[in-house]
Each structure stands twice: as structure tokens, then as C-alpha cells.
Amino acid sequence: MSVKVYIPTPFRRLTGNRTFVDADGSDVVGVLTDLEQRFPGFGEMVFTEDRQILDHVNVYVNNHEIRSLEGAETTVSDGDEVSVIPAIAGGEALAPEEVERYSRHIIMDQVGPMGQRKIKSGKVLVVGAGGLGSPVLVYLAAAGVGTLGIVDFDVVDASNLQRQIIHGTSDIGRPKVDSAADRIADINPNVNVVKHNEPLTSENAMEVMGQYDVIVNGADNFATRYLVNDASYLLDKHLVDGSIFLFEGQVTTFFPGEGCYRCLYPSPPPPGMVPSCAEAGVLGVLPGTVGAIQATEVIKLLLELGEPLKNRLLLYDALAMEFRTVKIQRDTACPLCGEAPTVTELIDYEEFCGSPFHEGPLASDN
Amino acid sequence: MRDPWQATTKPGGDWVSREGRRSDVAIQVRIPSMLLKFTDGEKLLQYDSPNVGALLSSIERDHPGIGHQLMEDGELRRFVNIFLNDEDIRFMDKMETELNDGDVLAILPALAGGC
């Protein structure tokens, strides 16, 4: 019987860097023995001295873990796919349900089981469960990010539902963190949701944000936007920033020390000069597009894959249906990440922006 | 079916302004949504100007009030960026940054919203 065997990254040096190899055998132990004979060193990676499969190695036949089948004696047929998945430091093994759930990720060379475990190990904080936060949370939950923090202290309002797809009509009046957590639990019960039902402030930001690997900015006001920027830099965290207005969006990914929001926009506008979405409106689909791009950036960061939107600002114009990027860079005179920083700890952002941490009179438009 | 875009596009997709000028000459200026109220909804302006500062003066002359949104005491406001092609003029020669035919300027104010 000839089967296709998925070789995980740490074993690929044994197989000439091939991701898939064909192997012969009538059962799992036969297939592994065939590989052992053809690829020196493979045997000791999977077998104990008395020929048992090592405890930290999971084997899947067509995405079913063999312990749920017949173990090492699980029979294989022509065309079956066998995956050999060792546990790696910092990554929890995937349960059979997860292997099936994430199969469209796992079959991609660029992700694979190891990549999926990196996603599972990821801890991502989403600031704002509103227009941008909704699609970000939905996609990151579906993708299997292990821990999702949500910062929001609003309740769901009817006027949110035109765009905030994580909330539903039956959620009106509920705290957004509760509504979002319930939706996430339905999409993917494997996700650990951490609810921060409070405003992010200079007092709590370092502690809240410090628990995460990647920060996603979906804030609806300048005070929070600068707070999140400064805390991300001071905590040495990647920040995926997005903002929207009417029919336009801006997205970029800040790497600590390589430019920040203050390098791009040194100061906020005077209060009242730049209208908010609540005052001016926003196309309901717009945050979906921009948020999906932010979620893409997060997954790429967790996988350490591709080219992040680093030092690039992506501009989206929904009316022209046009995407453009402009170059952005670290400003050596930046008060936060420049050469002579004056902002070395969190400041009073409401004073800095002349506006509160909350946008306008509509308390629910976050 | 009536094509509501017929007036502003032509086959092949080249954008032309309402006056019928082609967009590939002179300097194009992209106006962000936030400032369209000053330009009567015009998203793409065209000017011949030697540098950014002169160009902004021309825009203010034609669209009074827009200058106050962009400038303060002769300097670009710190929440507004202007990109020449894809470079931030703050890292070039700022208001003295030279312009040439075919250049595209994009005005980008900070956006608050995650909304």
C-alpha cells in the first residue's frame, strides 16, 4: 500500500526537506518502519527502544489521530494520508477535532500543523469590539488563535449592527465583551476569551496589554489610539493599527523600534476638527474589509510568514475600489521611539488629545 | 441600463475630470473624504505648481477654508500627512518639496475611528 506521509518541519532535514514523501506499508507501524529504513535518523525520532511510538509524537491517518483508531496497528490503504506531528516547545498538540477544523490551514505547506500550533499559542488583544474589532475577532477565533483578549466597556446598541458583525439583534443592551465572547464560543470553543470590560487607561494598559503577544487597534478615539501605540512600544509588542472613516481605511503594522503611530501622526487633531464615525457616518462594509486585513496581518505575525505591512501604510478607498500603499518610517525626532525620547512612560492621553477616552455623546458607537 | 458613471469615465477606465482633462498630466492631488466638502466633492484636483507649499496655496485660493484644515502658521498640521507619490514630504523637503508633471500628491489626515 502506498500512502502519502506529511513530514513536519523538524524532521524535514531527514527527508531532503521534502514536506510529503510516499511510503509503503499496510499499517501505521509499517509505514513508519519504511521511512525509518529509507531516512536514517527517522526511526529514533518516532520510536522508543522497544518499538513503541514516542508519547510526544502524534500520528494522524486522514486527519484522525491513531489513538482514536487502532493505534500503531491502524491499517492504511492506497491514497491515505499519514501525518507525523511531534510536540514542540511552546506549542500544544492539536486534538483530532482541531486537526479536522483547521484542515484547510494544515494542508498548506506555509502553515501545516506546526503553523497551526503557532496560531494556537498566540495571544492577541483586540482593543474595541466594534466595527474593526468585530471582523478581527471573528476571523482570529475561526483561525484558532488560542487566546483572544477583548477590551471594550460599551453595550451593544441598535446603531452598531449595521457593521459590528460579532453582535446580533438579540444582544442589544448587553456588554459588548459578553456578546463577543458568546459569538466566539460558538464559532470556536477552543478559543480562550479574556474579557476586559473596562476602558483602557494609562493606569491599566501596561498590565492588560502585557499579557498578549500582538495588539490590534480598533479604538474609536484618538486618546485610546495614542495610548495603545505608546504602551505597545513600551511593552515591545507588535501593533496592527487600523482606522476608518466614511469610505476610507488606513492599515499598518508597527514593529517596536521601527516606527510608530506618533512617527506617522505626531499629534492628534484639535478636538472637533476631525469628525468621528458617529458624527459623519461610515460605510457598514468598510470595517469588514479593513478588519479582515488586520486579522490577516495578525495571522502572518503569529506564523512569521510573508511580508508584514511594516513601514507601509495601506490606504483603501471603497468608492474608487482602490488600494495603495505609501512608505512610512521611524522619525528620529519621535518623542516616543526617536533618538531622544521624552515619552518614557504612559501619559495623560485625555489631556494630550483634548478629548476623552470615549468618542462623543453616543456611548455605544465604539 | 443607464450608466451613472458615464459622465466621469471613458472606455478603458482612464479617469478624466469633469472638465474632461486627462489625469496623466500636471500634478494630481487626492483629496480625502474628510475634506471633500471644501472641493465640492471633487476627489482629484490638478495643478501646476513648483512645490508643495505653492500647490497648497493654489488649492486654498480655489477652495477657501481647506488651508485651515491642513496648515497652521505656515506649517503642515501634525495630524495631516502629505505623500508625494509614496513618500512622506516631512522626510523630504516639507513645503519646499519640488513637484513635477505626473506627480501624485495624497493628503492623509489621521482617522480616529475603529467605530
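**View 1. Strand β1 of chain A alongside its antiparallel partner β2(A).** In this predicted model, β1 of chain A covers residues 2-6, and 5 bridges tie it to β2(A). The two strands run antiparallel. Want a pair of residues to find your place? Look for Ser2(A), which stands opposite Asp24(A) in β2(A). Another pair to pick out is Val5(A) and its bridge partner in β2(A), Val21(A).

**View 2. The open sheet of 5 strands in chain A.** Reading across, the order goes β2-β1-β5-β3-β4, and the pairing is mixed. Which strands sit at the edges? They are β2 (20-24) and β4 (64-65) of chain A, each pairing on one side only. Helix α1 of chain A, residues 28-38, lies across β1, β2, β3 (57-61) and β5 (81-86) of chain A. Relative to β2(A), helix α1 runs at about 115°.

**View 3. The two faces of β2(A), one covered and one uncovered.** As a rule, side chains in a regular strand alternate between the two faces of the sheet. On the covered face of β2(A) you'll find Val21(A) and Ala23(A). The uncovered face carries Phe20(A), Asp22(A) and Asp24(A). Two of these residues turned up in the first view: Val21(A) as the bridge partner of Val5(A), and Asp24(A) as the residue opposite Ser2(A).

**View 4. Helices α6 and α12 of chain A crossing.** Here α6 (residues 133-143) meets α12 (residues 286-303), with the axes coming within 7 Å and crossing at roughly 40°. That angle is neither under 35 degrees nor in the 65 to 115 range, so α6(A) and α12(A) are oblique to each other. The crossing is right-handed. From α6(A), the contact uses Ser134(A), Pro135(A), Val136(A), Tyr139(A), Leu140(A) and Ala143(A). From α12(A), the residues include Gly288(A), Gly291(A), Ala295(A) and Ile299(A). Sort the whole contact by class and you get 10 nonpolar, 4 polar and no charged residues.

**View 5. Where chain B touches chain A.** How many residues take part on each side? Chain B puts in 19, and these are in contact with 38 of chain A. On the chain B side, β5 (80-84), β6 (87-88) and β7 (104-109) each supply at least two residues. That side breaks down into 11 nonpolar, 4 polar and 4 charged residues.

**View 6. Two loop residues with positive phi, Asp236(A) and Lys94(B).** Most residues other than glycine have a negative phi. Asp236(A), though, has a phi near 65°. You'll find Asp236(A) in the loop between α9 (222-234) and β10 (238-245) of chain A. Asp236(A) counts as exposed because it has 10 C-beta neighbours inside 10 Å. Over in chain B, Lys94(B) has a phi of about 50° and sits in the loop between β6 and β7. Lys94(B) has 15 C-beta neighbours inside 10 Å, so this one counts as partly exposed.

**View 7. Gly149(A) and its surroundings in strand β7 of chain A.** The strand spans residues 147-151. Is Gly149(A) buried or exposed? Gly149(A) is buried, because 22 other C-beta atoms lie within 10 Å. Setting aside neighbours within four places in sequence, Gly149(A) is in contact with Leu125(A), Val126(A), Val194(A), His196(A), Gln211(A) and Tyr212(A). For a sense of scale, Tyr102(A) is 47 residues away along the chain, and its C-alpha atom is separated from that of Gly149(A) by 21 Å.

How values were computed
Residues numbered from 1 in each chain as written. Chains lettered and ligands numbered in written order. Predicted model: local features only at pLDDT ≥ 70, side-chain atom pairs only at ≥ 80, totals over all residues. Pairing = 2+ DSSP bridges. Helix = DSSP H or I, 4+ residues; strand = E, 2+ residues; numbered from the N terminus. Contact = placed C-beta atoms within 7 Å. Axes fitted to C-alpha atoms, helices over the stretch in contact; angles between N-to-C directions. Parallel < 35°, antiparallel > 145°, perpendicular 65-115°, else oblique. Left-handed = near helix turned anticlockwise from the far one by under 90°. Nonpolar A, V, L, I, M, F, W, Y, C, P; charged D, E, K, R; others polar. Buried ≥ 20, exposed ≤ 12 C-beta atoms within 10 Å, placed from the backbone.
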